[in-house]
Amino acid sequence: MLNKGTTAILVFFVIYGLIAWVGVRRMRQGRHVPIRRLPGLDAVDEAVGRATELGRPFMAVVSQPTPYMNDEVIAGIEVVRYAARTAAKYEASFVAIASGADSFAVLQDSVRAAFSGEGKPDLYREDMVRFIGGYSMVVYGPAVIALMEELKIAADLLTGYLGFQTLMLAEAGASLGAIQIGATKQTAQLPFIAASCDYTLMGEELYATAAYISRDPVSVGFLVAQEFGKCLCCIVVVVGVLLSTFGGAELIKLLER
Amino acid sequence: MRKEVPLIVTFIAGAGIMAGFFLQAPLVKVSLSANLLNWAVIISAFALALGAGNLTRLHGLNLSRRGKNWALSGLLLLGLWGFFLLGLVKGPTYSSYTYIFNAVLVPGSATVMALNGFYIISACYRTFRMRSWQATLMVLTAVVVALGRVGIGQAMWPALGPISDWINRYPNASAMRGIVIGAALGTVSLGIRVILGIERGHLGAEGG
Amino acid sequence: MSTQLSVWLPALVTLAIFSLLYRENIYYRAVEHLLVGVGLAHSMVMGYKSIVDMAVNPMLQGKWYMIVPILLGFSLYLRWFKGLGFYSRSAVGFLMGVGTAVGLKGALQADLFGQIISTAKLPLTNMSNVVMVVGLVGTLMHFLFITTAQTGEAPMNPLSRVLLWIGSYVGRGMIMVALGSAFAYTIMARISVLIGRIQFLFRDWIYLIPK
Amino acid sequence: MKPSLSFAERLGRIDVRVIHFLVALLILLPLIRPVGLPTQISEGTQKAYDTFDALPPGSTILIDYSIGAACAPELEPQATAWMHHLMAKRTKIVLTFVYSAEGPIFAQKMLDTVAKEYNYEYGKEIVMTPYRAGQETALAAIARDFQGVFPQDYYGADSSTLPLMQEIQDINDFALVAHLANFGPDIYVRQIGAPYGVPIVCGTTGVCSPLAQAYFASGQIQGLVAALGGAAEYEVLVGKPGPAAAMMDAQSSTHLFAVILVVLCNISYFLTRKSGQAGQGR
């Protein structure tokens, strides 16, 4: 009935789904799941603080080269929301840039909500969230750099679905002496982020941070399932390797069913 | 209804593909999933023009209002629709079509990428500092691999080639493997959410 | 120096974009806008052929149900009209449904099971395999966020502390090695494109490099 | 101020324009006067060569020729070296374009040059299919229903009139799938390698090759030709020094320059840090 080689996959898939379902339900009932606070998030506080000190803006760049927002962009916006909240608290000057029409709308809402959430809706201005580029990512890089230089930013956060302009942006930020935080899943862009940004949120760290900030039941519930998946992978690998070393192949046969 | 229909369509499409993956029934495996896939390819082809529509609106507005850089907007629209019509009428194998392609698009896209060649070398100089043990590890690996993959490094020290190959084949592959597995788990989570209609970000800013 | 228009034109395009290194200017912007337009037009030309081949022709040959993807495809454009936007959502939903399911089954089979099984098959008989297994486990632990979280004021339990240590030293270290190697390869990638452009300028345009 | 200090400071403040100028110069000089530095073969390239070489004569393979304009200088030399190898063996080749819509134009160029050299007959020995949108979805569709996705070839001829297209019923009729793309092998492994068990050889750009190593190490791809270096290695294996070999000396000089810059920046960083100054610029 089942295709060859998919039995183990189906079993795993079902268990995974169940764990996520239970996780989401528990979260909706108000259970608290602790999530490790990552240094990258503390860096946002530090960067906003620095911007306040210098009296120069903090810039958040949410990159989106595709016509649709993906999960990475959504997670990035969550981190920007946190930054906006911090900026409102310290009354630092704040700029956010979106490159997709839909992420622009969401970003605008998030930043506005962050400022009113801190009780300072009067500090929010319409030009705080700007739209640069549309789908033409080629024009985007130089335009953002020009804005960075014009505003003389003190710190920046590069996030979302970062494209090949990342290197240019990060270099421009570094030459302005800004504290930089990079947060993306794109493996091709991670080296630049790691080299030129002071703090990074790599891959899943971005998602975990977004879940940490939002405490959204769905995000946290699925984070629980992912955590389970990773632990299971570690156990399977360690047991499998030990078996292989001593000549057993039972586990692998089981997984290949 | 407005909200439900897209979610039902998503579910049927997603569940159909998943059923074709797990179940052996030929009807599901071949007919259903092959048709779903072919339809998705067709709709994706329609989606290619979405970007064009948005750009046309954006730049058409700028052109008609004589806004900032309206001439550039006109140039963009001319390139977009002129080239599209040429390809539509004469076909992409027509000589003028390939001529423009080779004269504008090929050198243009390549040069935009090539700019990064300059930036990446200056990035080596301006940002590649051994600020911590992690950065040190990264810098050292980059140096070994950068030299080991080209003739000059291999001529300076013949072992450099094999060493950089080893770094790529084992330590690099092990970390990438971890990243691939982590990303796969993320894809599974997202997949479940999209197919079951819990995640609706793609259906529009209003939340679906 | 070449006298052909088919060399001069790309040369001018190349120089206009390289002029960005000096500073932003109108030539750069003009070429940039042209590029965006032409690039998008090309993919639309290619997409048009897909639609005719795969949907319109079969429909005309009697596969009447191919009208469905065509209608869904056209409905995508309704998002440009105020008040009709929600009609485009079914098509987007269809694309997302198929796309995520295709990715999901691939991720389960090839990425998750494929990678785990091939790692579990490695006997720990040489250094390379040990590095591979330890690196993988370390990297996975680096991305543990709940297991290694500190709850309140209570001291962390020893297991979490060990996992956190492995993750933040072994895992982080391996990731940094991988990123270093990726950086080096990216240098190679970007430079080879740059070499290609310089080769073009000085070989095909100005005959400085011997052919 | 001590002289060593100002020296360290100056080391850390070379003008970017000077660096950019030197990069251009260091690329140009080896191109004008090549040195011909040696090339060591990496394991990935060797395995790719062996896999192609082990194909029985007359077998049919699929190559996803997704070369885009932005990565052509890296991928075209790879493609040319592969084609010399495969066409000398008279392997039948079906070209698809999944990842880049710009691929067909580059494939046409290849048909007009390398394929001409070997007198390849279009329709019998090589076929070009049209571009299909959707990327991973398109690849899954091709794997599931080859004939349904390609009722016509790139030039609009019916597939039923092309002998090579008639031989292909589904993806298992290919002895091998190879791809050239500014993308890792992941989508090919997910949609073709894992579900259908067709061997895969990957030719990719430098940016994507570190991730590709994970799939090469696990044996999910049979060979990995990475970046321009991989192309140069493949040219050595085929015995036809070509475009990549000519570019590799320039690659050497710039890599060396990059390493020197990294060393300079770190010397300056440590000297200025020791004397109690923060690293300038941040």
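Student: Before we look at the contact between chain D and chain B, what is a polar contact?

Tutor: In this predicted model, a polar contact is a pair of N or O atoms within 3.5 Å, and within protein one of them must be able to donate a hydrogen and the other to accept it. Applied across the interface of chain D and chain B, with both residues at pLDDT 80 or more, the rule finds residue pairs in polar contact numbering 16.

Student: Which helix of chain D supplies the largest share of the side that touches chain B?

Tutor: Several helices of chain D each supply at least two residues of that side, among them α1 (3-11), α5 (103-117) and α12 (243-274). The largest share, 15 residues, comes from α12(D).

Student: How much area do chain D and chain B bury between them?

Tutor: The contact draws 61 residues from chain D and 56 residues from chain B. Of the area buried between the two chains, 68% is on carbon and sulfur atoms, and the whole comes to about 5,100 Å².

Student: Across that interface, which residue of chain D meets R169(B) in a salt bridge?

Tutor: Side chains of opposite charge can pair when their charged atoms come close. The rule finds two salt bridges across the interface of chain D and chain B. In the one that involves R169(B), the distance from N to O is 3.0 Å, and the partner is E43(D).

Student: Turning to chain C, is D53(C) buried or exposed?

Tutor: D53(C) meets R132(D) in a salt bridge at 3.2 Å, N to O. That pair crosses between chains, from the loop between β3 (126-131) and α6 of chain D to helix α2 (residues 26-60) of chain C. Buried means under 20% relative accessible area, and because D53(C) has a relative accessible area of 2%, D53(C) is buried.

Student: Why does the salt bridge between E205(A) and R172(C) join two chains?

Tutor: The side chains of E205(A) and R172(C) meet at 3.7 Å, N to O. E205(A) lies in helix α8 (residues 204-214) of chain A, whereas R172(C) lies in helix α6 (residues 158-205) of chain C, so the pair joins two chains, A and C.

Student: On the surface of chain B, how does F11(B) count in terms of accessibility?

Tutor: F11(B) lies in helix α1 (residues 4-22) of chain B, and together with I8(B), I12(B), L196(B) and I198(B) it makes a nonpolar surface patch of about 480 Å². Because its relative accessibility is 40%, F11(B) counts as partly exposed.

Conventions
Residues numbered from 1 in each chain as written. Chains lettered and ligands numbered in written order. Predicted model: local features only at pLDDT ≥ 70, side-chain atom pairs only at ≥ 80, totals over all residues. Heavy atoms only, no water. Patch = residues over 30% accessible without salt bridge, like charges linked within 9 Å, V, L, I, M, F, W, Y side chains within 5 Å. Areas by Shrake-Rupley, 256 points an atom, 1.4 Å probe, with all protein chains shown as cover. Salt bridge = Lys/Arg side-chain N within 4 Å of Asp/Glu carboxyl O. Helix = DSSP H or I, 4+ residues; strand = E, 2+ residues; numbered from the N terminus. Buried < 20%, exposed > 50% of the residue type's maximum accessible area, 1.4 Å probe, protein only. Contact = heavy atoms within 4.5 Å. Buried area = accessible area lost by both parts, 1.4 Å probe. Polar contact = N/O pair within 3.5 Å; in protein donor to acceptor, adjacent residues only side chain to side chain.
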